[in-house]
Amino acid sequence: MTLRPILTVPDPVLKQRSKPVTEVTDETRKLMDDMLETMYAAPGIGLAAVQIGVPLNIIVMDLAKEDDEPKPQYFINPEILDLVEEQKPYEEGCLSVPDVYDEIDRSARVKIRYLDYHGKEITEWAEGLYAVCIQHEMDHLNGVLFIDYLSRLKRNRAVKKVQKAEKLKEAG
Ligand code: K2U
Ligand code: ZN
């Protein structure tokens, strides 16, 4: 498995709409393995392929609590089939917008359909942190970041904060 660099705002690749996976192959699985290793190292609980510069409809996730056994999940070509009206707020962050957090409202429960690591079709309802994370990640597949839901002022401040931190990192 290989650690891959995570793109940060304002990289234009993050605004791209990702493309469907046409066939689930060993190459697809290698990419998902690399995504999962990169996510654990960040650390994070979710990651979309576009965040490592690969605009394909692939998400990895692990919502297991710190002391529990890891529970990796793989989502190929995920779709939202249904959702409930009820919205719930959650303090979100994003590995592509480091050290920025803000409250975002999202649907409390979503019905999703996707292909798993081996290409098997799964349909299930997601709620709680699972619902938050899958909607956050699926936004990535459409080129949408959680800061896009904030005011222009807050969004611009977030991008400037990340750019300043990246410059300081480069300067060492
Ligand atoms: O897309 C990403 O950068 C992954 C996010 C997933 C996430 C965002 C918002 C809410 C839940 C999950 C990263 O894991 S951000 C780090 C994080 C970790 C735990 C809870 C919230 C955010
Ligand atoms: Zn994110």
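User: Which residues coordinate the zinc ion (ligand 2)?

Analyst: In this predicted model, the distances from the zinc ion (ligand 2) to its donor atoms run from 2.1 to 2.2 Å. One donor is an SG atom and two are NE2 atoms. The residues that supply them are Cys94, His136 and His140.

User: What spacing do the donors of the zinc ion (ligand 2) follow along the chain?

Analyst: His136 and His140 are both part of helix 2, 4 residues apart, which is about one turn of that helix. Cys94 is the SG donor. Written along the chain, the spacing of the donors is C-x41-H-x3-H.

User: Which element gives the largest share of the shell around ligand 1?

Analyst: Two elements give two or more residues each to the shell around ligand 1: strand 4 (87–92) and helix 2 (129–141). His136, one of the zinc donors, is also among the residues that come nearest to ligand 1, together with Ile45, Gly46, Leu95 and Glu137. With 6 residues, the largest share of the shell comes from helix 2.

User: How far is an oxygen atom of ligand 1 from a polar backbone atom of Leu95?

Analyst: Ligand 1 has polar contacts with side chains as well as with backbone. An N or O atom in the Glu137 side chain is 2.9 Å from a ligand oxygen, and a polar side-chain atom of the zinc donor His140 is 3.1 Å from one. For the polar backbone atom of Leu95, the distance to an oxygen of ligand 1 is 2.6 Å.

User: How much of the area that ligand 1 exposes when taken alone does the protein bury?

Analyst: Ligand 1 sits in the largest pocket. Its shell is made up of 7 nonpolar, 6 polar and 2 charged residues. Taken alone, ligand 1 exposes 470 Å², and the share of this that the protein buries is 86%.

User: Where is Pro43, which follows a cis peptide bond from Ala42?

Analyst: The bond from Ala42 to Pro43 is cis, with omega near -5°. Another cis bond joins Val9 to Pro10, with omega near 5°, and Pro10 lies in the segment before helix 1 (26–41). Pro43 is located in the loop between helix 1 and strand 1 (46–48).

User: What is the value of phi at Asn77?

Analyst: Asn77 belongs to strand 3, which covers residues 72–83. Its phi is positive although the residue is not glycine. The value is near 50°.

Notes: Residues numbered from 1 in each chain as written. Chains lettered and ligands numbered in written order. Predicted model: local features only at pLDDT ≥ 70, side-chain atom pairs only at ≥ 80, totals over all residues. Heavy atoms only, no water. Near = heavy atom within 4 Å. Polar contact = N/O pair within 3.5 Å; in protein donor to acceptor, adjacent residues only side chain to side chain. Areas by Shrake-Rupley, 256 points an atom, 1.4 Å probe, with all protein chains shown as cover. 1 Å grid on protein atoms, 1.4 Å probe; cavity = no way out; pocket = protein on both sides within 12 Å on 5 of 7 lines; lining within 4 Å. Sits in = over half its atoms within 2 Å of the grid points. Nonpolar A, V, L, I, M, F, W, Y, C, P; charged D, E, K, R; others polar. Donors = N, O, S within 2.8 Å, 3.2 Å for Na, K, Ca; no water.
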